[in-house]
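The following exercises invite the reader to study a structure step by step. Each task is followed by a worked solution.

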Amino acid sequence: MREAVPSSTSRILLGETRVQEIDVQRRYVVDHGVRYLLLISALISVFIVFLIGLFTLREAWPAMQSIGVANLLTQQVWRPGRGEFGLLAMIAGSIWVTIGAMLLGVPLALAGAVFLAEVAPSGMREVVRSAVELLAGIPSVVYGLFGMVVLVPLVRQIPVSGNAGFGLLSASIVLAIMILPTITNIAEDAIRAVPREYKEGSLALGATHWQTIVGVTLPAARSGIVAAVILGIGRAVGETMAMIMVIGNSIIMPTPLNSNPLSIFLSQARTLTGNIAVEISYATGVHESALFATGVVLFVLIMIVNSSAQVMIKGRGR
Amino acid sequence: MGHVEATLSRGSVGDRSSNLAQRHIVQRVAFGLLWLAGLTAVAALLAVVGYVVVGGIGSINLEFLLTSPRGGLAGEGGISTTIVTTIYLVLLTICIATPLGVGAGVYLVEYAGEMRGGGGILPRLVSLARFGVETLAGVPSIIFGLFGYVLFVSAMHFGFSLLSAGLAGACLILPVIIRTTEEALRAVPRGYREGSLALGTTQWQTVWGVVLPAALPGIITGIVLSVGRVVSETAVFYVTLGGSCRTPTSLLQGGRTMALHVFYLATETRAFDKAMATAVILVVSIVLINAIINYLTRRFTMR
């Protein structure tokens, strides 16, 4: 049969195969090229992380050498003009404002998460959920502005001498509202992820809904809830602009203003983040380098917080 | 014996019912507190937004939107240039971050999906890349600012400019875009890919022609999310964008975004009415962006 086919047709067939082969080859070359291009873009983030680490450390190096890491971490006085660079007051400021925000925000955020996941009727759930979503989207300067025009004058009403309104309390309230969406969203997801059977088993044993929540659902969702709180802490430690606007920015160790230890929250303070943002635009020399060292301290603090969240999620989650 | 048992059980039934009543009271109180927490979240939103709107709405008119800020301690003028700068900066960061972020997401889901663990150089690079995304997502924004300041503003001599701010902002939103892209790609059914590959296409043809179009709404959601991030971000741009009131006419000129303008007005001029008016415009844009995201996710999840 094959001999009967005219030679011209066989030539055409041959040509088509070759064209197809070339096309397939070209497609595979493109495929290969794109694969590597995509790999490179996947590696960009780790490259940026590397660059951030490299540049921050390189810029912080002179300060760490001439001042010393121990001095940076343990000295309270920060007077760039006189060559004194102690970060302890700012570290304390960051920690205190985070503690304040946690005390106010965590119970509220977790209760909100339980409410959304277990208690709220669907209409109410929609309302609260969109409110939380919007709270997450509101820019930090708007929170800062709200703090300046509303909270600071309110806090100033508290009759304690030396109370300027600007300080840890105002900052903690602002921060508590800001971290509420972070904690509520993640904790709600964790509570929802608890298998139905757990709750049904508990309810079938005659426990009330509330007993089931406290005794079964929350313990089962514990790792997710802890992770939510830790991510909230990370967010709080890293917040910058709203803190500059309401915390007063004085470089002092927060101390109680009178005999009541709670009055420590009326003290002014400065956060690590605020220290960087306020001074970086005019700093030069060792001063500038010390600000990068502030960045390193902040970065290490955040890394500790975030990696403990990772451990929590991986350690107990499925 | 029987008598004693009867009393005992009667007693315990009585205990149980009073115990049940007590447990219901506890539950009612607890649920009341949970309701209170939910309502507090709503109240917090209403307080923040409400106060800013009430304080700012009076200063908003067409002139406010269309004149440029004049600087000065009274914070005179409008916000026209800050709106333009915000739009420029959004476009720039999105243009830089989207190709990289989507590319990274595609690689991590479509190419590296089956390479978890194991030896060899490629799996190691992949886990390194994942580590990079995780870490970047946790870096506080002021560190991005610091990084942008030392690398783009000083080392690369871009100065306080749109370019410096755009590059630093792109680093900030990169993890957002990567993560949403990954999520969107994972939601595309396996059958789509298999069908396409069975027709003899290469992997890239499948990704480009089938998977990406199917994941597009999710990817766009991520991009819109990043637009929101850039519009509301302040710390990064505070240390990279300068803060000039003029409209930048080239990539190497600085400016101020709306969010920065709020900050400057509130801290340097004390023109709180103008600051709140700007904040209202800012919040309105965020509400619009949220509405777009909701619309997109709803469409995306319906399919």
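**Exercise 1.** Determine whether helix 11 (residues 272-279) of chain A is enclosed or open, working in this predicted model.

*Solution.* Begin with the residues that are buried: Leu272(A), Thr273(A), Gly274(A), Asn275(A), Ile276(A) and Ala277(A). These are six of the eight residues of the helix, so helix 11 of chain A is largely enclosed by the rest of the structure.

**Exercise 2.** Describe how helix 3 (residues 80-111) and helix 8 (residues 203-232) of chain B are placed relative to each other.

*Solution.* First, consider the axes: they come within 9 Å and cross at roughly 140 degrees. Second, classify the angle. An angle counts as roughly antiparallel when over 145 degrees and as roughly perpendicular from 65 to 115; helix 3 and helix 8 of chain B are therefore oblique to each other. Third, the handedness of this crossing is right-handed. Finally, examine the contact itself. On the side of helix 3 of chain B, the participants include Thr86(B), Leu89(B) and Glu110(B), while helix 8 of chain B contributes, among others, Val207(B), Ile219(B) and Ser226(B). The residues of this contact comprise 13 nonpolar, four polar and one charged.

**Exercise 3.** Characterise the side of chain B that touches chain A, and then the largest nonpolar core.

*Solution.* Contact joins 74 residues of chain B to 73 residues of chain A. On the chain B side, helix 1 (residues 2-56) gives the most, with 20 residues. By kind, that side holds 55 nonpolar residues, 18 polar and one charged.

Turn next to the largest nonpolar core, which has 197 residues; those touching the most other members are Val142(A), Leu145(A), Val246(A) and Val262(B). Helix 3 (residues 88-119) of chain A gives the most to this core, namely 18 residues. Leu145(A) serves as an example: beyond its neighbours within four places in sequence, its contacts include Met245(A) as well as Val52(B), Val262(B) and Ala279(B).

**Exercise 4.** Two residues that are not glycine, Asn249(A) and His157(B), have a positive phi. Where does each lie, and is each buried, partly exposed or exposed?

*Solution.* Recall that most residues other than glycine have a negative phi. Asn249(A) has a phi of about 65 degrees and lies in the loop between helix 10 (241-246) and helix 11 of chain A. Asn249(A) has 19 other C-beta atoms within 10 Å, so it is partly exposed. His157(B) has a phi of about 60 degrees and lies in the loop between helix 5 (141-155) and helix 6 (162-186) of chain B. With 10 C-beta neighbours inside 10 Å, His157(B) is exposed.

Methods:
Residues numbered from 1 in each chain as written. Chains lettered and ligands numbered in written order. Predicted model: local features only at pLDDT ≥ 70, side-chain atom pairs only at ≥ 80, totals over all residues. Axes fitted to C-alpha atoms, helices over the stretch in contact; angles between N-to-C directions. Helix = DSSP H or I, 4+ residues; strand = E, 2+ residues; numbered from the N terminus. Parallel < 35°, antiparallel > 145°, perpendicular 65-115°, else oblique. Left-handed = near helix turned anticlockwise from the far one by under 90°. Contact = placed C-beta atoms within 7 Å. Nonpolar A, V, L, I, M, F, W, Y, C, P; charged D, E, K, R; others polar. Core = buried A, V, L, I, M, F, W, Y, C linked by C-beta atoms within 7 Å. Buried ≥ 20, exposed ≤ 12 C-beta atoms within 10 Å, placed from the backbone.
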